[in-house]
Protein chains: 2
Amino acid sequence: MAKAKIQKKTGYHHGDLRGQLISAARDLIEEHGPDGFSMSDACRLAGVSNAAPYRHFKSKEDLLTEVAMDGLARLGAQMEQHAAEYPRGTVQSLAAIGRTYVQFAMREQHTFRLMFSTKSHAGRIEELKTVGRGAYGVLLREVARYLGEDDITEEVLQAAFPLWTQVHGLSFLAIDGKLDVTAFPVDIDQSILLATERLLPPRPEPQGS
Amino acid sequence: MAKAKIQKKTGYHHGDLRGQLISAARDLIEEHGPDGFSMSDACRLAGVSNAAPYRHFKSKEDLLTEVAMDGLARLGAQMEQHAAEYPRGTVQSLAAIGRTYVQFAMREQHTFRLMFSTKSHAGRIEELKTVGRGAYGVLLREVARYLGEDDITEEVLQAAFPLWTQVHGLSFLAIDGKLDVTAFPVDIDQSILLATERLLPPRPEPQGS
DNA sequence: CTAACTATGTTATCGTTGCTAACATATGTT
DNA sequence: AACATATGTTAGCAACGATAACATAGTTAG
């Protein structure tokens with residue numbers, strides 16, 4: 001991905017410090033983890049003093065929250081996009097959503113952690129949850145199609161949850177480097193497909209008998 | 001659990017600073033999270049100077065690793081203990097292991113995070129993995145019993161992994177407060193039981209035809 | 001018994017961090 | 001031109017992790 005490439009400011013004012021700080025944060029977080037990330041580093045990268053960010057973000061946490069929410073939005077978009085590459089409402093489209101989820105986690109490991117972290121988002125957790133619900137909605141609608149439901153029924157909610165749980169667990173095990181604790185080579189895509197098939201309730205006949 | 005209760009040292013020497021620091025760390029971590037935990041706090045609790053811990057731990061990370069390894073060991077023991085409360089090698093005993101896992105995560109949220117974190121353990125990750133494999137072995141042996149295998153076959157490994165993934169995901173969703181994103185009340189124990197049943201391959205007839 | 005050694009404390013200090021206060025400089029509006 | 005607002009700067013705070021130099025206790029050898 002784009003390595004922190006920064007245009008130094010020209011005069012006293014920067015131009016787009018807010019945007020550049022978010023971008024710098026994203027890059028630095030992916031490089032050193034959310035804790036290894038420091039405001040000072042971001043400032044150095046943006047060529048600005050240590051106090052400048054506090055005109056745009058109330059705190060370091062606030063900046064991180066911004067990064068997290070952006071991540072959730074992108075995850076939702078990517079899931080929708082990949083689901084659309086398969087016949088809607090099938091095991092395949094659902095497995096595609098799962099693969100997208102895990103791949104996102106592996107590609108943007110630290111952003112992913114941030115997205116689901118409770119700390120680092122003091123006071124804005126509800127805001128974050130709302131964005132998260134948006135992404136979860138992609139899965140819910142796909143499960144609804146699978147079940148032939150017109151809207152998000154109780155049944156849909158019940159069926160979707162274990163699928164989420166499964167890929168969420170797989171994501172964390174993968175990014176925490178635990179897949180070699182299993183003592184056999186885990187094929188992630190295969191694992192997702194199999195679990196999706198098993199966890200879904202039997203599908204009602206698509207049409208006719 | 002035991003709130004950080006500390007016996008001040010009597011003379012110049014402390015007596016059991018190492019042990020008391022680990023214990024203080026456990027308490028403080030559970031109270032304020034692994035990041036909210038500071039060496040200085042632990043020192044204050046133990047009634048000792050800021051430099052003293054470095055006679056016993058090479059770094060803060062090193063102390064945290066100790067806490068994590070202890071946690072993994074206790075998790076393994078608890079899983080074994082609860083599995084033994086049910087007929088061995090059944091869906092029930094396997095679900096009990098899963099429940100123990102998630103309950104541990106919820107009871108010792110921050111220690112749990114630490115146990116599976118890759119950061120905070122620089123240089124000792126393999127050591128940690130070994131302890132982790134010990135705990136995982138409890139699940140593996142129970143799955144082997146379920147499948148009627150005498151040792152940990154490929155089939156056992158394949159069957160156990162999705163079970164782990166499921167409860168691991170459930171644990172993180174639970175401790176990250178995401179169970180209300182699902183828009184329906186999640187019954188954790190029920191959820192574990194259902195997923196266990198669905199994820200396991202059909203059981204071979206216990207005995208006879 | 002005492003000298004030497006080792007283990008385990010202390011104090012002093014350093015560099016880094018997140019953040020705030022007080023001040024400076026652009027930009028835009030009237 | 002005068003003022004208000006947005007957005008920078010410098011200086012400085014307290015807390016943190018860590019190290020170096022020193023102090024003291026307990027242990028072992030002669």
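In this predicted model, 12 residues of domain 1 of chain A are in contact with 13 residues of domain 2 of chain A, where contact means heavy atoms within 4.5 Å. Arg26(A), Glu30(A) and Pro34(A) supply 48% of the area that domain 1 buries against domain 2, more than any other three residues.

Here are the two partners, with bounds from an automatic or database domain assignment:

| Domain of chain A | Residues | Residues in contact with the other domain |
|---|---|---|
| Domain 1 | 17–55 | 12 residues |
| Domain 2 | 61–199 | 13 residues |

Taken over C-alpha atoms, the domain centres are 27 Å apart. About 1100 Å² is buried between the two domains, and carbon and sulfur atoms give 67% of this area. Buried area here is the accessible area (1.4 Å probe) that two parts lose on being put together, summed over both.

Now for the polar side of the interface. Three salt bridges cross it, a salt bridge being a side-chain nitrogen of Lys or Arg within 4 Å of a carboxyl oxygen of Asp or Glu. The side chains of Asp35(A) and Lys119(A) form a salt bridge with an N to O distance of 3.3 Å. Helix H1 (residues 17–36) of chain A provides 10 residues, the largest share of the side of domain 1 that touches domain 2; helices are DSSP runs (H or I, at least four residues), numbered from the N terminus.

A note on conventions: residues are numbered from 1 along each chain as its sequence is written, and chains are lettered from A in the order in which they are written. Local features need pLDDT of at least 70, side-chain atom pairs count only at pLDDT 80 or more, and totals for interfaces use all residues, while side-chain values use heavy atoms, without hydrogens and water.

Definitions and conventions: Helices (H or I, at least four residues) and strands (E, at least two) are DSSP runs, numbered from the N terminus.
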